[in-house]
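User: Hey, I'm new to reading protein structures. Can you walk me through this one?

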Amino acid sequence: MLRGGLTALLLWLAAPAMAVTCSDERHEGNRFTVCKVKPGEEELRLYRADEAGAPYGTFANLERAVQAEGKQLRFATNGGMYHDDRAPVGHYIENGEEQMRVIANEGPGNFGLLPNGVLCLREGRADVIETRKYLDETPECRYATQSGPMLVIDGALHPDFLPDGTSRYIRNGVGTSETGDTAYFVISNNTVTFWEFASFFRDVLGTPQALFLDGNVSRLHAPDIGRSDLGFPMGPIIAVVEPDA
């Protein structure tokens, strides 16, 4: 018994740390799934279309594509708003190449409810950056996707969110730590207001910056918790991939 227990402990200690962990959380009567990613330990990146220009659209299509490269899809979620042809609405960079410029002006819908922001993925870090600040700083992002509105800006909720708001949808978003070493991807499991959703990032996760990704099309692929949501085809997809064992 002692020898077997020691062997199991040694194997557990030798196993690589799980850099993507997903869990179900509750806050103020609402239910959320939170996936915590360490970009310094995992390959966190964006996907939109294959080499022929055909959008992946679904988690299943993307999974087949990464498996053909000898990798596995550890985590994925919709990565920002998109047009009918699944091209990104705002700024988009994939593998260092800009595919869509920054949209800085106010406009219709959630995307144009300023301030909006950009998720910037660089070597070993992930940062949500408010769009005007992003333009001032011009960070060298290997991957970037713009969405809106911002949920949390420097620790404060978006100024247009109201505690008594009545617009409720399934929503998903991303918040990043001050040092950029942790990204939290969150999807609500019941309909929530913007105030409730943003408050979860601020009050529970403590992220100083957080960005709304989308509403009705929000979906999550998290095989470690047995979840892979179905739905309409997506545009950009945020994913974590790793080499096949």
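Analyst: Sure, we'll go through the charged pairs, one polar residue, the nonpolar cores and a sheet. This is a predicted model, where local features need pLDDT of at least 70 and side-chain atom pairs count only at pLDDT 80 or more, while totals for chains, interfaces and linings use all residues. Residues are numbered from 1 along each chain as its sequence is written, and side-chain values use heavy atoms, with hydrogens and water left out.

User: OK, charged pairs. How many salt bridges are there?

Analyst: The count comes to 13 salt bridges. A salt bridge here is a side-chain nitrogen of Lys or Arg within 4 Å of a carboxyl oxygen of Asp or Glu. The general idea is that side chains of opposite charge can pair when their charged atoms come close.

User: Which residue does D181 pair with?

Analyst: D181 has a salt bridge with K38, and the closest N and O atoms are 4.0 Å apart. D181 sits in the loop between β12 (172–176) and β13 (183–188), and K38 in the loop between β2 (30–37) and β3 (43–47), so this pair ties together parts that are 143 residues apart in sequence. Those β labels are strands: helices (H or I, at least four residues) and strands (E, at least two) are DSSP runs, numbered from the N terminus.

User: Is D181 buried or exposed, or in between?

Analyst: In between: D181 is partly exposed, at 35% relative accessible area. K38 is partly exposed too, at 23%. The cut-offs are under 20% for buried, over 50% for exposed and partly exposed in between (1.4 Å probe, protein chains only).

User: What about R125 and D127?

Analyst: Their side chains meet in a salt bridge, 2.6 Å from N to O. R125 is partly exposed at 28%, whereas D127 is buried at 9%. There's also a network of salt bridges linking E42, R74, D224 and E242.

User: New topic. Where is Q146?

Analyst: Q146 is in strand β9 (residues 143–147), and it's buried, with a relative accessible area of 1%.

User: What does the Q146 side chain reach?

Analyst: The backbone nitrogen of H91, at 2.9 Å. Q146 also has a polar contact of 3.4 Å with T131, side chain to side chain. A polar contact is a pair of N or O atoms within 3.5 Å; within protein, one must be able to donate a hydrogen and the other to accept it, and residues adjacent in sequence count only if both atoms are side-chain atoms.

User: And the nonpolar stuff?

Analyst: The largest nonpolar core has 24 residues, and those with the most contacts inside it include V37, F75 and F185. Strand β13 gives the most to this core, with three residues. A second, separate core has 20 residues, F111 and F161 among them. A nonpolar core is a set of buried Ala, Val, Leu, Ile, Met, Phe, Trp, Tyr and Cys residues joined through side-chain atoms within 4.5 Å.

User: Last one: what order do the strands take in the open sheet?

Analyst: The five strands run β3-β17-β4-β15-β16, with antiparallel pairing. Two strands pair if DSSP finds at least two bridges between them. The edge strands, β3 and β16 (227–228), each pair on one side only. Two bridges join β4 (residues 71–78) to β15 (residues 220–222), and T77 has L220 in β15 as its bridge partner.
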